[in-house]
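Subject: A structure for you to look through

Hi there,

I am handing over a protein structure for you to explore. Please open it beside this email and follow along as you read.

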Amino acid sequence: MSTIAGVYAASPVIAAVVVLWGNPSTPAETLDSLSSNFSLLYSAGAPVTVVRQKSNSLNSRFLPRRWIRTRGVLICDDDVEVDPKSIEFAFKVWQVNRDRLIGLFARSHGLDLRRKEWIYTVHQDRYSIVLTKFLMLNVDFLYLYSCGREGLEGKFRELRGVVDNMCNCEDILMNFVVADVTERGPLLIGAERVRDWGDARNEVVIGKREKEVGVGLSGVKRGLGEHRKRRGECIREFHKVLGRMPLKYSYGTVVSPVNEQGLCEKGGKLVPCDQQILE
């Protein structure tokens, strides 16, 4: 986690890195020591601090903290490392799409026609959900998620209650909340390099054999089918509480500009035309 925090702290578009500590019973001295270590390790970049959550509720990820001083907020898991250029690119995309969620990991809702119910799935050609593995959003959406829309505070409280009961789906709910207000879907962006240490497809050597093992926040604590089933239950509950399906499909991936890759003959070699050949 400390290495990943350092990667984000080194980015020129990051004002501060805050590690949200989800265990309320951790001794204060431990967290103070951890914060001090972060400060020493990454003194040249953005400040890194540790904040203890008052509860282990997943809804706490989206609390509109008083110390947030930026319009844009990046929320990510502690086991996902993104290269610096992609972090900057995500920020640039968000700057011109402040009414949308920007992410690197996409999923979708769907309708099971046989069972006549909403499901959580992956479509190859469209998406309606971006995950909190890496999610950039407008700070206003934190207030919307945590406080609710005017006149609908009770419903939003009920929606957050579903997250607490399921111990899951806070990311899906954020997508519901934003789409319900903006009537727009999220944006999926491409990255040059993403290391997801929590992906269950990671392989580790056990004895003399490699085996896929889930670790971190994204680790599979139950079977993949059970995980998708629970996420589908969340979608159905959110739909039931709101009385409508606000999720909107988006299509395609936003990628960084690609420089012209024309080849020219220089010094007897075929090289990119912009490349200088030293004699």
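To begin with the whole protein, buried residues make up 42% of its 279 residues; buried means under 20% relative accessible area, exposed means over 50%, and partly exposed lies in between, with a 1.4 Å probe and protein chains only. Please keep in mind that this is a predicted model, in which local features need pLDDT of at least 70 and side-chain atom pairs count only at pLDDT 80 or more, while totals for chains, interfaces and linings use all residues. Residues are numbered from 1 along each chain as its sequence is written, and side-chain values use heavy atoms, with hydrogens and water left out.

**Confidence and overall make-up**

The mean pLDDT of the protein is 86, and 86% of its residues reach 70 or more; pLDDT is the predictor's confidence in each residue, from 0 to 100. Over residues 212–222, pLDDT stays under 50, and the model has 31 contacts there beyond four places in sequence. A contact here means heavy atoms within 4.5 Å. Where pLDDT is low, the predicted coordinates should not be read in detail.

The protein has 7 helices and 15 strands. These are DSSP runs numbered from the N terminus: helices are H or I with at least four residues, and strands are E with at least two. Of the contacts with a separation of 6 or more, 73% are between residues 24 or more positions apart. About 16,100 Å² of the protein is exposed, and carbon and sulfur atoms supply 51% of that; the area comes from the Shrake-Rupley method with a 1.4 Å probe, and for residues only the protein chains shown count as cover.

**An open sheet of four strands**

Have a look at the sheet in which 4 strands are ordered 3-9-5-10, with mixed pairing. Its edge strands are strand 3 and strand 10 (187–188), each pairing on one side only. Two strands count as paired if DSSP finds at least two bridges between them. Strand 3 pairs with strand 9 in the antiparallel sense over 5 bridges, and Ile75 stands opposite Leu135 in strand 9. Strand 5 (residues 102–103) and strand 9 (residues 134–138) also run antiparallel, joined by 2 bridges, and here Ile102 stands opposite Met136.

Which side chains of strand 3 are buried? Val73 and Ile75 are, and they point to one face, while Gly72, Leu74 and Cys76 point to the other and are not buried.

**Helix 4 and its cover**

Helix 4 (residues 139–147) lies across strand 3 and strand 9, at about 90 degrees to strand 9. For that angle, axes are lines fitted to C-alpha atoms, for helices over the stretch in contact, and angles run from 0 to 180 degrees between N-to-C directions. Buried in helix 4 are Val139, Phe141, Leu142, Leu144, Tyr145 and Ser146. Their cover includes strand 3, strand 9, helix 5 (153–166) and helix 6 (170–182). After helix 4 comes Gly148, whose phi is positive, near 90 degrees.

Met174 belongs to helix 6 and is buried, with a relative accessible area of 0%. Beyond its neighbours within four places in sequence, Met174 is in contact with Phe62, Leu101, Leu137, Phe141, Leu142 and Tyr145.

**A second open sheet**

Another 3 strands form an open sheet in the order 7-6-8, with antiparallel pairing. Strand 7 (117–121) and strand 8 (129–130) are at the edges with a single partner strand each, so one side of each has no neighbour in the sheet. Strand 6 (residues 106–112) pairs with strand 8 over 2 bridges, and Ala106 has Val130 as its bridge partner.

**Two buried loop residues**

Gln53 is found in the loop between strand 2 and strand 3. Is Gln53 buried or exposed? At 6% relative accessibility, Gln53 counts as buried. The side chain of Gln53 makes a polar contact with the side chain of Arg65 at 2.6 Å. A polar contact is a pair of N or O atoms within 3.5 Å; within protein, one must be able to donate a hydrogen and the other to accept it, and residues adjacent in sequence count only if both atoms are side-chain atoms.

Ser60 is in the loop between strand 2 (48–52) and strand 3 (72–76). Ser60 is buried too, with a relative accessible area of 8%, and touches Leu20, Gln53, Ser55 and Arg65, leaving out residues up to four places away in sequence.

Enjoy exploring!
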